[in-house]
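Please read this briefing alongside the sequence and the coordinates shown below. It is arranged by topic, with a few lead sentences before the bullet points.

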Amino acid sequence: MSRMRSLVLTGALLSATTATAAACGSGGAATGDGKPAVMAAFYPLQWISQQVGGPDVSVAGLTKPGTEPHDLELTARQVADIQDSSLVVYIKGVQPAVDEAVEGHASAKAFDAASAVTTLPATAGEEGHADVSYDPHIWLDPSRLATVAGKLGERLAEADPAHAAAYRQRAATTAAELNKLDEAYRTGLTGCGKKAIVTSHSAFGYLAARYGLEQIAVSGLDPDAEPSPTRLAQVADVAKRENVTTIFTEELVSPKVAEILAKEVGAKTAVLNPIESEPDGGDYLSAAKQNLEALRKALECPTTEG
């Protein structure tokens, strides 16, 4: 009997927690501001949701700054926020916890940004966390992110018809900014002395494909995966053959392996940001521009005027 009572009490506590989260969760539909609540899985999706949604929505990110998105574990409150939101913006295959929460509670109001663009296949043996066969890092191609902006504008217009025109206008403005960034990459990475980039993990496939570069990744799509000695030897051989002078590291991933590799091939290290977390003192656009400058220096690109 006492066991039964314990189960009942536990169920009541869980129900109360869920109800409280739905009413008070960050970005939840019941926050009292009357705005549609948008839950964004991690930073680039949060950024684009804020750009397109503007003052007409309340955007909350599920992943804290400085946290590796792939490792996210949702709290009960965040799951309730997802269930209570007007729209969930995510990319299937990046964060298994978000995928599970969407499938369980919010599939009808979820926007998978990867569904808006043509994706690239994952390299054999480099499949992501979830049951997907594509590379999910679409946000590192500004032209694809511009397409996402347009589709997001339509989803917000559908969810909140009263502000449909404003969503579509901001989506167009955001897409124009991203297309301008795309052109800066195209111009800045033309005529460079090198084409190969050695990266900590396989996050830059879209960037490489878009601008005619060759990505040589130490590890696969999962940044936490430990590369095998065989893989390190393969990367070192290619780096030497391609006369690579820079091994790229990431802010959220330990640089130790990259530093060892750089020492092996006689190269230096530099940061190439996968822009998975909000940058210090900037935003997606400024981080992408810093990446462009890092690439231009590593690839020995010609000096541009102005």
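What follows covers model confidence, the parallel sheet, the disulfide and the aromatic pairs.

This is a predicted model, and its protein chain averages a pLDDT of 86, with 83% of the residues scoring at least 70. Its described features include an open sheet of 4 strands with parallel pairing, 1 disulfide found in a search of the whole structure, and a count of 3 aromatic pairs.

**Confidence**

- Over residues 1–28 the pLDDT stays under 50, and for this stretch the model has 25 contacts beyond four places in sequence.
- Residues 124–129 likewise keep a pLDDT under 50, and here the model has 14 contacts beyond four places in sequence.

**The parallel sheet**

- In the open sheet, the 4 strands follow the order β2-β1-β3-β4 and pair in the parallel sense; β2 (58–61) and β4 (110–112) stand at the edges with a single partner strand each, so that one side of each has no neighbour in the sheet.
- From one strand to the next, the twist of this sheet averages 20°.
- Strands β1 and β2 run parallel and are joined by 4 bridges, and within this pairing Val38 has Val59 of β2 as its bridge partner.
- The two faces of β2 differ in their cover, since Ser58 and Ala60 belong to the covered face, whereas Val59 and Gly61 belong to the uncovered one.
- At the other edge, β3 (residues 87–90) pairs with β4 in the parallel sense over 3 bridges, and the bridge partner of Val88 in β4 is Ala110.
- Helix α4 (residues 96–106) lies across β3 and β4, and runs at about 150° to β3.

**The disulfide**

- Cys192 and Cys301 form a disulfide in which the sulfur atoms are 2.0 Å apart, and the link is right-handed, with 100° about the S-S bond.
- Because Cys192 lies in the loop between α6 (164–188) and β7 (196–201), while Cys301 lies in the segment after α10 (284–298), the pair ties together parts that are 109 residues apart in sequence.
- Cys192 has a relative accessible area of 12% and therefore counts as buried, the cut-off being under 20%.
- Cys301 is buried as well, with a relative accessible area of 12%.

**Aromatic pairs**

- Among the 3 aromatic pairs counted, that of Phe42 and Trp139 is edge-to-face, with 5.0 Å from centre to centre and 75° between the planes.
- Phe42 lies in the loop between β1 (37–40) and α2 (43–53) and Trp139 in the loop between β6 (134–135) and α5 (142–159), so this pair ties together parts that are 97 residues apart in sequence.
- Phe42 is buried, with a relative accessible area of 0%, and Trp139 also counts as buried, at 0% relative accessibility.
- The ring centres of Tyr185 and Tyr211 are 5.1 Å apart and their planes stand at 25°, so this pair is stacked, the angle being under the 30 degrees that the assignment requires.
- Tyr185 belongs to helix α6 and Tyr211 to helix α7 (residues 205–211), so that the pair links distant parts of the chain, 26 residues apart.
- Both Tyr185 and Tyr211 are buried.

Definitions and conventions
Residues are numbered from 1 along each chain as its sequence is written. This is a predicted model: local features need pLDDT of at least 70, side-chain atom pairs count only at pLDDT 80 or more; totals for chains, interfaces and linings use all residues. Side-chain values use heavy atoms; hydrogens and water are left out. Two strands pair if DSSP finds at least two bridges between them. Axes are lines fitted to C-alpha atoms, for helices over the stretch in contact, and angles run from 0 to 180 degrees between N-to-C directions. Contact means heavy atoms within 4.5 Å. A disulfide is a pair of cysteine sulfur atoms within 2.5 Å. Buried means under 20% relative accessible area, exposed over 50%, partly exposed in between (1.4 Å probe, protein chains only). pLDDT is the predictor's confidence in each residue, from 0 to 100. Rings of Phe, Tyr and Trp (its six-membered ring) pair if their centres lie within 6.5 Å; planes under 30 degrees apart count as stacked, over 60 as edge-to-face and the rest as tilted.
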